[in-house]
Structures are given as C-alpha cells and as structure tokens.
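Please open the model in your viewer and keep the sequence panel beside it. The stops below are meant to be selected one after another.

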Amino acid sequence: MPTSPLQIADFRLYWLARFFAVLATMGMVVIIGYQVYDTARADYGMSIREASLMLGLLGAVQFVPLALLTPVAGWTADRFERRTVARCANAVDMLVALTLGLVTYAEVLNLPLLFTLAALHGVARVFVGPSMSAIAPNIVPPELLPKAIALSSIAWQSASVAGPALGGFLYAVGAPLPYWAATGLMLCAILLLTPVRRIMPPPMTANLHPIRQMIEGLTFVRRRRFLFGAITLDLFAVLLGGATAMLPVFARDILHVGTEGLGLMRGAPAIGAALVAGLFAIRPLRHNVGIKMLWSVAAFGALTIAFGLSDNFVLSLVILALLGAADMLSVYVRSSLVQLHTPDMMRGRVSAVSGLAISASNELGELQSGLAAALLGPVGAVVAGGGAAIVIAGGWSYLFPELRRAKTFDPPPEVLANALQEEKPA
C-alpha cells in the first residue's frame, strides 16, 4: 500500500505534465500582459491609467470564453475520457503559444490581435482545468488525496515561480523566446499524459439531456451551502483583492524594474505558496481547517494593502511571497474540501464550477483592477482591493458558519450519501 502519491507511477507522470503545462502558461501570461501594457503605452500613446484599463480588458476577454464554456468543459470531463480531454486542450493552447511566437517575431503585434489570442488561450484553459483536476482523485487512494492535492499544488506553485521569471528573462533576450519555450513545454505535457492509464468517468445520470447534465453541476454546488461558501469565498476575495493585474504597471512605471523585475514579482507569490504546499505535503493540515482558511484570506488582504503601499522592490518581493503563502493555505483547504465533499460522478462538473470561480476571480479581477486603477490610480486600486478582501473574509465567516465550523477535511457520512441519492433518476 503506497504511503505517498509519488510512489504511484501515474501520479508522477501527471505531476510532471501539470508542472510543464503550468510553467508554459505562466510564462505566456506574464508576457501577454506586459505586451498589452507596453503596446498601449508605446504604440497607442496611452497614459498609465488608460493602459491600466487595457490590462483590465485583457482579463475580460479571457473570462468571456470561460464563462460561456465552463458548463460544457465540466460536462466534457464527466462524459469523456479525462486524460484525452486534457491532452486535446493542451494541444490547442500549444497552437496559441506558437502563434504568439510567430506574430511577436514578425513584429505585427497590436491590441486587437493580442486580445484575440488571449481569448483563445482562455478557451483552451477552461477545458484543461476540470479534466486535470478530475484525474488526480482517480489515480490515488482517497486517504492520500490531501497529500496529492498538496503535491499537485507544489507542481502548480513551483511552475508559477519559474514560469514568470523564465518568461521575463527570455523576453529580455529575445521577444519570441517565451512563446517558443511554452510551445515545447506544452508538447512535453501532452506526451507525459499519454502513458497514464485511461480515466473513464462514472456513468452519468440516465435519460438526461446533455444540457441538463451540465446544469446539474451548477445545481449541485448551489444546493450545498458548504461547497457554495468555499467556492465563492475565493471568488470574491481574489476578485476584489487581487493585485496581479497591476504588476506590469508597478514593474514599468512605479518600481521601474522592467520585464526581469516583472517576472520576479509574478514568481514571488508562488515561492511562498510552494513552501507552504511543501509543508502540507509532508505534514497535511488536519485540524480547524475552516477557520484557518478564513484567517488566511484576511491575511491575503492585509498583505495586498502592504504591497500597494511599498515603493521598495525588495520589500515588495517579500510581501508578495508572504501573500502567496497566505493564498496557498486558502487554496489548499478549499481544494481539499471541494474534492472530498464531491462524489466522483460530479467531480468534473463541480471542478468546472470551482474553476469558473477561480477564473472569474482572476480574469474579472483584472477587469475590476483596471477599472479601479483608471479611477483611483494603480496604488489606490490595490490598497482598496486588499481592504475589500478582509471584509469578505469576515463576512463569509458569518454568512457561511459551516466554513468556520469545519474541523477536518472529512465530510459527514450523510453528505455524500445524500448527494448520491439525489443524483439517482426519479
């Protein structure tokens, strides 16, 4: 009987595939954001506030396909072989990276083209998330799932450290290089997933139209206050409190550190997150998980305020690393609770709903940050967002007392029994 997910060959391949895919994506995203901001400033003559708004629009164009296709992506992950879905989605994203490399090399960049390719990137990622998330619970025993989630988070966070830094440094050497590297890394991810055993989802509810099956995922989450509270906590805290969208502004016009500094700032939160994930992989969190998640969201907001007020690059990096550590604690608890409170037949669709919330918090958060920066300036927008995250943490502790009362990750036996009973056809 394995005592660690890494003793399972399929999980090792899955872990590496996730690492390479996230490494590629993070390297792409940081450069797309910088190119949008720099193009708006240099080629369109926009002011700092106007160019900041373009970063907000960049988040919006990535969110639209996520919002429209999330039910389809969740249904796909619960209907078709999950490994194949993940490989196909990564292949589409690989083509987006290749196209970005070609247009960057040809020096034909403009804002409409960047927005279009960013939207296609969003289409690819909406299918990657549910399919990849639904694979892990099927290749490790349930008792190892919290460790597997922590290790998977290490893959995500360590790639999130290296990806932006690698993208920034490669861009400084040659503008198309980050996209060439992303193309190769995504190809590696596709090849690594190929030997993993086939992950066929359980049979879906009988005699239901596919549209109804898609809606089931949304209904399942909405009817369970615990899941609904956990997912929306992350949604609104990061939607209002995230500072990521403003990093190109801070790198170019406030801290004056260029793309190399931007890469380090994008990677700094992941350093703190990776350290926390590594700790949980060795010593999983076991007690008072709900209240710790709520406090971590409040700490995330306070550190966001500190970052907005800092005018020192080194101090900003330290704050961002601590911010990432707080965010990782919240993500670790929420991911474990969502996975362990969801029956396997619903995991793809519930993961899609959770992924939509994460994407909404990230991409719509960028839009919110861009609009706030246009009104308050980038510093004011970040500080106000951090304060809003603190308010959200306090509000959710009272709106959803189930969260603060959660002592362990284990759901009560009646939770899954009732969930399974509800999914039976009448």
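Begin by selecting S310, which sits in the loop between α11 (289-309) and α12 (313-340); helices here are DSSP runs of H or I with at least four residues, strands are runs of E with at least two, and both are numbered from the N terminus. This is a predicted model, in which local features need pLDDT of at least 70 and side-chain atom pairs count only at pLDDT 80 or more, whereas totals for chains, interfaces and linings use all residues. Residues are numbered from 1 along each chain as its sequence is written, and side-chain values use heavy atoms, with hydrogens and water left out.

S310 is buried, with a relative accessible area of 7%, where buried means under 20%, exposed over 50% and partly exposed in between (1.4 Å probe, protein chains only). Now display what surrounds S310: leaving aside neighbours within four places in sequence, S310 is in contact (heavy atoms within 4.5 Å) with L255, L315, S316 and I319.

Move next to H256, in the loop between α9 and α10 (258-282). Although H256 is not a glycine, its phi is positive, at about 55 degrees, and at 57% relative accessibility H256 counts as exposed. Most residues other than glycine have a negative phi. E107, which is in the loop between α3 and α4, also has a positive phi of about 55 degrees without being a glycine, and E107 counts as exposed at 71% relative accessibility.

Then turn to the salt bridges, of which a search of the whole structure finds six; the criterion is a side-chain nitrogen of Lys or Arg within 4 Å of a carboxyl oxygen of Asp or Glu. Select D253 and R41, whose side chains meet in a salt bridge (3.5 Å, N to O). Because D253 lies in helix α9 (residues 247-254) and R41 in helix α1 (residues 9-42), this pair ties together parts that are 212 residues apart in sequence. D253 is buried at 18% relative accessible area, while R41, at 23%, is partly exposed. The side chain of D253 also meets that of R252 in a salt bridge (3.3 Å, N to O), and R252 counts as partly exposed at 25% relative accessibility. Add D38 to the selection to see the network of salt bridges that links D38, R41, R252 and D253.

For another pair, select R125 and D93, which form a salt bridge at 2.8 Å, N to O. R125 belongs to helix α4 (residues 111-139) and D93 to helix α3, so the pair ties together parts that are 32 residues apart in sequence. R125 counts as buried at 17% relative accessibility, and D93 is buried at 0%.

Now follow helix α2 (residues 48-79), whose 32 residues reach 46 Å from first C-alpha to last, close to the 46 Å expected at 1.5 Å a residue (1.5 Å times one less than the number of residues). Pause at L69, where α2 bends by about 55 degrees and a proline, P71, follows within four residues; the bend is the angle between axes fitted to the seven residues ending there and the seven starting there.

Finish on the surface by selecting L95, L98, L102, Y105, V173, L177 and W180, which make a nonpolar patch of about 700 Å². The elements giving two or more residues to this patch are α3 (82-105) and α6 (177-193), and α3 gives the most, with four. V173, found in helix α5 (residues 145-173), is exposed, with a relative accessible area of 68%. Patches are made of residues with over 30% relative accessible area and no salt bridge, like charges being joined within 9 Å and nonpolar side chains (Val, Leu, Ile, Met, Phe, Trp, Tyr) within 5 Å; accessible areas come from the Shrake-Rupley method with a 1.4 Å probe, and for residues only the protein chains shown count as cover.
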